[in-house]
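The following exercises are to be worked through with the sequence and the model at hand. Each task is followed by a solution in steps.

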Amino acid sequence: MARYLAGGASRMRRLQKSSLSSSSSSFYLARSIFNPLSSPPPPPTTTAAFYQTPIPNPNYSNPFTPASEIFKFGCGFRSFAHISTSSVKEKNNDEDDDDDDDRSKKAELAVSSSWIDLYLPKHVRPYALLARLDKPIGTWLLAWPCMWSISLAAIPGHLPDFKMMLLFGCGSLLLRGAGCTINDLIDRNIDIKVERTKLRPIASGLLSPFQGLCFLGFQLLLGLGILLQLNNYSCILGASSLLLVFSYPLMKRFTFWPQAYLGLTFNWGALLGWAAVKGSLDPAIVLPLYISGVFWTLVYDTIYAHQDKEDDLKVGVKSTALKFGDSTKEWITGFGIASISSLALCGYNAGIGWPYYAFLTAASGQLAWQIQTVDLSSRADCNRNLVVRDHLPVLSFFLEFGSALLTQMLPLLLSRF
């Protein structure tokens, strides 16, 4: 028995020596109620030296050996267990890397967070994202043709009907959200394969298709409430636009011209705004206005489509970006010229004065700059082109809208001087 105990003590000393000889190793003591750092030393006995407290390592401040922790099981028997030999430096580096990753993720979240994440309740956020409330440029692009048309229909010497503008603004917000919901429901199996769209609420599974359908019904119900406040002619004309809204997401599967179909859908307000004020349509005025909006949509949405062209090729959908390829700038230049020319024809038929054409010249210069400077090979620049630069044509056309108001108000202003 004495020989066995002596052998155990010898083995312990050899393990202690070999464990502490490695400069790249560290040791982690298992926590237990028998932790020697907090437990009193064992009572002295007359047994062999194995029961004596191990001699502390001079390079280690703790009086107990770091290579082992002594566990007391009773019956005077002691056992030791080697816990770990991983590098402290390696562990610290791993922890630093994890901290860096966490910090970078938090930074990305801080950059990508919008007012939806900051102010809306958690259960409402997916629906707000589904309606693209965090990206208002689509609502602006849908609303402006309505505003132009309402302004052109105003009686000379009077301001446009701002109540009508407010109704159309709310209607644009709802119809744009409904269109996005329909698009995401139909394209949910495609969106998950496209880098830009894979995190959309339905594609990512944040919302189920049934929840999307319920939300679509809610938006359409609110839109119907706005439409019923217009005259009967406008109600019929506005309801007919739903055919375009529902069929647009399918166009990319059958034709290389889905952007043209989007133009037909997005600029329906050019017809509807005039009808809401006049109760009928004047083709000489509203058709050139409508056509100009279609060509303008072909310009900005073709540029926007260039950011998805690699993904579109993979999933097998079509776009004008794929059709035009390297000739895109020549095509969209032609679309821009057609858009400005149609606006000029619209103003001429409506009898608008010279301020309209002055602002139209400024708008055409901005549109030419936009086409000239966009980098179609850069996904970021194509996206920025719609999000940032298209605010400038909106501003230009707003000035054009202001010039129309000025022309309308000229008789009234001249009569007072």
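**Exercise 1.** Is Arg253 buried, partly exposed or exposed, and what is its relative accessible area? Identify its salt-bridge partner and place both residues in the fold.

*Solution.* The model is predicted, so local features need pLDDT of at least 70 and side-chain atom pairs count only at pLDDT 80 or more, while totals for chains, interfaces and linings use all residues. Residues are numbered from 1 along each chain as its sequence is written, and side-chain values use heavy atoms, with hydrogens and water left out.

Step 1. Buried means under 20% relative accessible area, exposed means over 50%, and partly exposed lies in between (1.4 Å probe, protein chains only). With a relative accessible area of 27%, Arg253 is partly exposed.

Step 2. A salt bridge is a side-chain nitrogen of Lys or Arg within 4 Å of a carboxyl oxygen of Asp or Glu. Arg253 meets Asp187 in such a bridge, at 3.0 Å from N to O.

Step 3. Arg253 belongs to helix H9 (residues 232-254), and Asp187 to the loop between H6 and helix H7 (188-191), so the bridge ties together parts that are 66 residues apart in sequence. Helices are DSSP runs (H or I, at least four residues), numbered from the N terminus. Asp187 is buried, at 3% relative accessible area.

**Exercise 2.** How many salt bridges does the structure hold? Describe the pairs formed by Lys198 and by Asp308.

*Solution.* Step 1. The structure holds seven salt bridges.

Step 2. Lys198 pairs with Glu195, their closest N and O atoms being 3.2 Å apart. Lys198 is partly exposed at 32% relative accessible area, and Glu195 is partly exposed at 47%.

Step 3. Asp308 and Arg196 meet at 2.4 Å, N to O. Asp308 lies in the loop between helix H12 (283-305) and helix H13 (309-315), and Arg196 in the loop between H7 and helix H8 (209-227), so this pair ties together parts that are 112 residues apart in sequence. Asp308 is buried at 7%, whereas Arg196 is partly exposed at 31%.

Step 4. Arg132, Asp184, Asp191 and Arg200 are joined into one network by salt bridges that share partners.

**Exercise 3.** Which residues form the nonpolar patch on the surface, and which helix supplies its largest share?

*Solution.* Step 1. Patch residues have over 30% relative accessible area and no salt bridge; like charges are joined within 9 Å, and nonpolar side chains (Val, Leu, Ile, Met, Phe, Trp, Tyr) within 5 Å. The patch consists of Trp115, Leu118, Tyr119, Leu133 and Leu173, which together have about 540 Å² of accessible area (Shrake-Rupley method, 1.4 Å probe; for residues, only the protein chains shown count as cover).

Step 2. Helix H3 (residues 115-119) gives the largest share, three residues. Leu133 sits in the loop between helix H4 (125-130) and helix H5 (137-152) and is partly exposed, at 31%.

**Exercise 4.** How many disulfides does a search of the whole structure find? State whether Cys180 and Cys235 are buried or exposed.

*Solution.* Step 1. A disulfide is a pair of cysteine sulfur atoms within 2.5 Å. The search finds zero disulfides.

Step 2. Cys180 is buried at 12% relative accessible area, and Cys235 is buried at 15%.

Notes
Helix = DSSP H or I, 4+ residues; strand = E, 2+ residues; numbered from the N terminus.
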